[in-house]
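Trainee: Could you take a close look at one part of this model with me? I'd like to go through it slowly.

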Amino acid sequence: MSLLAALADLVQPVRCVACGSTSGALCAGCLPQLPAFRSRDAWAAAPYDGAVRTALLAYKERGRRDLAAVLGGLLARSVTAALGANRDPPGRVVLMSVPSARSVAATRGGDHVLRLARRAAPACGARVAGDALTLTRAVHDSAGLTAEQRVRNLGGAMAARPARPGLVAVLVDDIVTTGATLHEAHRALAAAGWPVLGAAVVAATARRLHPVSRVCIGSAQAHGLT
Ligand SMILES: [Zn+2]
């Protein structure tokens, strides 16, 4: 950011990404007020539409990092709901952020999911393991891929550090679309011996009910992901 742009930020009020009001990056009027809900694949704070979709796109694609706090707050709602469904976690909870392709992270100025996990963790009494899950080979950004292509793109692409005694994992991501990413992350964590309590995302799309994704979701259910 140039000095001029930084100075401009200081004097210009932050505008709501959805309605343009000066009441915050995503104002109270645009922030979803519904409780987190359980989609097939993960707990979600909101459907992926309206103000939340606008905010996630601005955060990821247009560099609106000032939205990290409010989007992290939404993720915290989902994590809390996922933990509530496991009333007696068998260990200390670790948020496992789903890894982005390095090239994508570079384009977006860092790991945008990890940043949200770090915002969400304190409100959930959890810690964050940003490097526990990694990509072991090149993958394409899943945006624009069909459900089948996503499964092929991600199958066997992740690895996890070995589980540590006394810790349990909750997978976190920004959006669940087909469930392919969460399924692969869950597979990698389970292979490394991690107990996985569930998954939590900011928003869930209606595409998670795509017929092809049901195959993946069925496998995820067999692993106890949903
Ligand atoms: Zn607003």
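Which residue of β8 does V170 stand opposite?

Mentor: Sure, and keep in mind that this is a predicted model. V170 faces G198 in β8. That pair belongs to the contact between β7, residues 167–176, and β8, residues 196–204, where seven bridges join the two strands and they run parallel. Another pair there is V172, whose bridge partner in β8 is A200.

How does the chain get from one strand to the other? Here β7, helix α7 (residues 180–191) and β8 form a β-α-β unit, and a right-handed one.

Now for β3, another partner of β7: six bridges join them, again with the strands running parallel. Here V94 sits opposite A169 of β7. Nine of the ten β7 residues count as buried, so the strand is largely enclosed by the rest of the structure.

Zoom out and you get an open sheet of six strands, ordered β1-β2-β8-β7-β3-β4, with mixed pairing. At the edges you find β1 (37–38) and β4 (127–129); each has a single partner strand, so one side of each is left without a neighbour in the sheet. Helix α3 (residues 68–84) packs on this sheet, touching β2 (43–47), β3 (92–97), β7 and β8. The direction of α3 makes about 145° with that of β8.

One general thing to remember as you rotate the view: in a regular strand, side chains alternate between the two faces of the sheet.

Definitions and conventions
Residues numbered from 1 in each chain as written. Predicted model: local features only at pLDDT ≥ 70, side-chain atom pairs only at ≥ 80, totals over all residues. Pairing = 2+ DSSP bridges. Helix = DSSP H or I, 4+ residues; strand = E, 2+ residues; numbered from the N terminus. Contact = placed C-beta atoms within 7 Å. Axes fitted to C-alpha atoms, helices over the stretch in contact; angles between N-to-C directions. Buried ≥ 20, exposed ≤ 12 C-beta atoms within 10 Å, placed from the backbone. Right-handed = clockwise from strand over helix to strand, strands pointing away.
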